[in-house]
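This report describes selected features of a single protein chain. The sequence and the structure are shown first.

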Amino acid sequence: MASMTDRLDFFSRRCAWVNGPIIVGAGPSGLAVAACLKEHGVPSVILERADCIASLWQKRTYDRLKLHLPKQFCQLPKFPFPEDYPEYPTKKQFVDYLESYAKHFEISPRFNQSVQSARYDETCGLWRVRTVGAGAEAGNRSHEVEYIGRWIVVATGENAEKVVPDLEGLGGFGGDVIHACDYKSGEAYRGKRVLVIGCGNSGMELCLDLCDHDAFPAIVVRDSVHVLPREVLGKSTFELAVLLMKWLPLWLVDKILLLLAWLMLGNVEKYGLRRPSTGPLELKNTQGRTPVLDSGALAKIRSGDIKVVPGIKRFSPGRVELVDGQALDIDSVILATGYRSNVPQWLQGCDFFSKDGFPKTPFPDGWKGQSGLYAVGFTRRGLAGASSDAARTAKDIGRMWKEETKPAKRPVACHRRCISQI
């Protein structure tokens, strides 16, 4: 039974009615949904735990980052990139684009609102989303709010939380250890021996950046990995794959891509980069594993500037022992071990998402759940997939918005009175 303090807290927390969908997350997915909803005449509220839009891009990415795919595959709905942008926009250019996007559609997220829980209330047929102040507002009980609305859009994305593996002896290593989300530039590592754990696009680019700053990187390649050229004869490999998929089955496109990779990059297995038995597109579709689009790291691997090493056995002070018996003296460790969804931590009473934080229903049908629940940005198909989900979600909600009486005028059987409307 709840204590008297818990009951008083329940009744004292500020409650706000949302006249439209509650969108959780102000990254590209959340912005895209809000913009598409406006096109259908539907208002919405975006709740964002950070103090800015696209916090992953603004605060948790390295300085040299560029979009890995051509800009036409990364633009959000109803608003193309400026014509003078390069084919692969920089981090700053992409953030500027998102800021312009929000301004164009007059999107104003509610920042520093960290969602603690969201659940569907069967009694009143509404979603209840509880937030607390984050950042400068943390600990201020006056910033505890429960938002109530007819629909909820989960747009926190695939990369909400960093993944930090449990590595034997890392606590006693003694050197600098950071996650890739905290890496900005290789300047701080000049002259140092750096172990980069993780061989995805981020891991490869961090190694390249370290080389450019006269560091000595080694990259841990524990599993097999597909490495493809970023461009083929001046044309984006991804764009070529999209074109081929219109006419050919996936397995044949995979074979063509691997043939082109062999012709342009040679046999990469002799450098310690084993290719998976499954093709790159099939692997992306089934397991979400993105192939590495080489932007110069492979040449550094060939020259020996980037050393490829196998899996880690254990760390010791200033050293790492590898599974093949090698031991390396190192100064720093960078964990390019990726990110994960955090939806299971706050979405309650719902079996639409699996334990890994992705919709159980595979693409292209994983955007809509029951009772007004939607998911945008979980397709494992980048910004193009998020844009597709955003358009579908807005169209579906827009249809119901026109058919139904606006939620603010529906009788609400809540446990307590809402004292504000949004």
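A residue is termed buried under 20% relative accessible area, exposed over 50%, and partly exposed in between, with a 1.4 Å probe and protein chains only. The model is predicted, with local features requiring pLDDT of at least 70, side-chain atom pairs counted only at pLDDT 80 or more, and totals for chains, interfaces and linings using all residues. Residues are numbered from 1 along each chain as its sequence is written, and side-chain values use heavy atoms, leaving out hydrogens and water.

**Individual residues**

Arg340 is placed in strand 21; helices (H or I, at least four residues) and strands (E, at least two) are DSSP runs numbered from the N terminus. Because its relative accessibility is 42%, Arg340 counts as partly exposed. Contact means heavy atoms within 4.5 Å. Leaving aside residues up to four places away in sequence, Arg340 touches Glu158, Asn159, Ala160, Glu161, Lys162 and Val163. Arg340 and Glu321 lie 19 residues apart in sequence, and their C-alpha atoms are 27 Å apart.

Two loop residues are set out below, with contacts that exclude residues up to four places away in sequence.

| Residue | Loop between | Relative accessibility | Contacts |
|---|---|---|---|
| Ser224 | strand 11 (216-220) and strand 12 (227-229) | 14%, buried | Arg274, Arg275, Pro276, Arg289 |
| Gly357 | strand 21 (339-340) and strand 22 (373-375) | 0%, buried | Ser341, Val343, Pro344, Phe378 |

Gly357 and Glu83 are 274 residues apart along the chain, with a C-alpha separation of 36 Å.

**The parallel sheet**

Two strands pair if DSSP finds at least two bridges between them. Five strands form an open sheet with parallel pairing, in the order 9-20-10-11-16. Strand 9 (176-179) and strand 16 (307-309) stand at the edges, each with a single partner strand, so one side of each has no neighbour in the sheet. On average, neighbouring strands of this sheet are turned by 20° against each other, direction ignored. Strand 9 and strand 20 (residues 332-335) run parallel and are joined by four bridges, and Ile178 stands opposite Ile334 in strand 20. Helix 5 (residues 201-212) lies across strand 10 (193-197), strand 11 and strand 20, and runs at about 165° to strand 11. Axes are lines fitted to C-alpha atoms, for helices over the stretch in contact, and angles run from 0 to 180 degrees between N-to-C directions.

**Strand 18 and its partners**

Strand 18 (residues 319-322) has a covered face made of Val320 and Leu322, and an uncovered one made of Arg319 and Glu321. Strand 17 (residues 312-316) pairs with strand 18 in the antiparallel sense over four bridges, with Arg314 opposite Glu321. Their hairpin has two residues between the strands, and Gly318 takes a positive phi near 75° there. Strand 18 also pairs in the antiparallel sense with strand 19 (residues 327-329), over three bridges, and Asp329 is the bridge partner of Arg319. This second hairpin has four residues between the strands, and Gly325 takes a positive phi near 95°.

**A helix pair**

The axes of helix 2 (residues 28-39) and helix 4 (residues 91-104) come within 10 Å and cross at roughly 25°. Helix 2 is therefore roughly parallel to helix 4, a term for angles under 35 degrees. Pro28, Leu31, Ala32 and Ala35 of helix 2 make the contact with Phe94, Leu98, Tyr101 and Ala102 of helix 4.

How values were computed:
Parallel < 35°, antiparallel > 145°, perpendicular 65-115°, else oblique.
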